[in-house]
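Q: I have a model open and want to learn to read it. Where do we begin?

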Amino acid sequence: MPVDIQWYPGHMAKTKRELRENLPVIDIVLEVRDARIPAASHNADLAELVARKPVITILSKADLAEAEATRAWLKFLEKDGLPTVAVDLRTGRGLKELERKIHRQHQIISQRLRRRGRQSRGLRGLVVGVPNVGKSTLINRLANRAAAKTGALPGVTRGKQWIRVGNWLQLLDVPGVLWPKFEEPQTGFHLAITGAISLDVFDYVRVSAVLAEFLLKIRPEALKDRYNLESVSENGVQILEAIGQRRGFLLSGGAIDVEKAALLLLREFREGLLGRFTLDLPPDL
Ligand SMILES: Nc1nc2c(ncn2[C@@H]2O[C@H](COP(=O)(O)OP(=O)(O)OP(=O)(O)O)[C@@H](O)[C@H]2O)c(=O)[nH]1
Ligand SMILES: [Mg+2]
């Protein structure tokens, strides 16, 4: 892949330190991954940190991923008995199942405490994941109120915040965390086009041009229909120029505003306006 992207600002390192400090009071971990990129959005760095806690894996934004691929991912992730659920946080689909799975973990932990002669108590969960996957939205959905700040760009949550969800559950919302280096350049690309990496830290015209070439290869009709393109160049920047021309994105002087077209394509791809995509194929079962 021709784009090299890395993003590990200071607040992520700080969040990781804070997570380590808070770990003793955490009963379960809710790991949120993006259903479009369940591999690229899995943070092995965090997985190691929380290795001894029960984890429920949540595939968010299932409405933007291909349904069949999500089913295959669920099957793959559940094959070792690990609880996994796909959710669409816009409609709430999958939340009831998630609540059942959290409740089940509470029962298991309470039984263990009682066996040791200790009183059962409420459950404390930590919600982790890469930036912009929907961690805060998930917590708000479960709590039924807008307790945590959410937003369309990565890096909205800035500090940790405990949020009470009903009478036996509290969830800790933390900023999204990436890891210092992506081994595979494709990981950075997938995180960037789905919205986990800030636009300020990568060459978004270049990335959007690569996305345009990729779309032309795998869903040419979706790309052409959306932007009314007829004969299309195979060159990504030229595709962006064609989009800019169609939309009338002109700079003073008459040149096409390619930056604006690049941002439009990225935003509309992320919002699902070009269709549903699963970029990480599920491993063979
Ligand atoms: N289509 C769709 N959008 C979602 C879903 N879940 C969250 N979003 C949107 O994704 C964006 C990010 O949501 P947040 O909850 O702020 O994400 P976060 O993981 O807390 O992000 P940071 O705090 O920046 O790490 C928001 O615009 C949400 O509306 C979903 O299931 N489907
Ligand atoms: Mg957040």
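**Reading the sheet**

A: Begin with strand order. This is a predicted model. Six strands make an open sheet, ordered β3-β2-β1-β4-β6-β5, with mixed pairing.

Q: Which strands stand at the edges, and why is one side of each left without a neighbour?

A: The edge strands are β3 (84-86) and β5 (161-165). Each has a single partner strand, so one side of each has no neighbour in the sheet. On average, neighbouring strands here are turned by 25° against each other, direction ignored.

Q: How many bridges join β1 to β2?

A: Look at the pair and its direction. Strand β1 (residues 28-34) and strand β2 (residues 55-60) run parallel, joined by six bridges. One residue pair to find: Asp34 has Ser60 in β2 as its bridge partner.

Q: Which strands does helix α5 touch?

A: Helix α5 (residues 135-143) packs on the sheet and touches β1, β2, β4 (123-129), β5 and β6 (169-173). The direction of α5 makes about 160° with that of β6.

Q: How many residues surround ligand 1, and which are the closest?

A: Count the shell, then sort it. Ligand 1 is surrounded by 25 residues. Gly134, Ser136, Thr137, Thr157 and Gly176 are the closest. Helix α5 gives the most to this shell, with three residues.

Q: What classes of residue does the shell around ligand 1 have?

A: The shell has nine nonpolar, 11 polar and five charged residues.

Q: Where are the domains?

A: Domain 1 covers 10-173 and domain 2 covers 203-270. Their C-alpha centres lie 36 Å apart.

How values were computed:
Residues numbered from 1 in each chain as written. Chains lettered and ligands numbered in written order. Predicted model: local features only at pLDDT ≥ 70, side-chain atom pairs only at ≥ 80, totals over all residues. Pairing = 2+ DSSP bridges. Helix = DSSP H or I, 4+ residues; strand = E, 2+ residues; numbered from the N terminus. Axes fitted to C-alpha atoms, helices over the stretch in contact; angles between N-to-C directions. Contact = placed C-beta atoms within 7 Å. Near = placed C-beta within 6 Å. Nonpolar A, V, L, I, M, F, W, Y, C, P; charged D, E, K, R; others polar. Domains from an automatic or database assignment.
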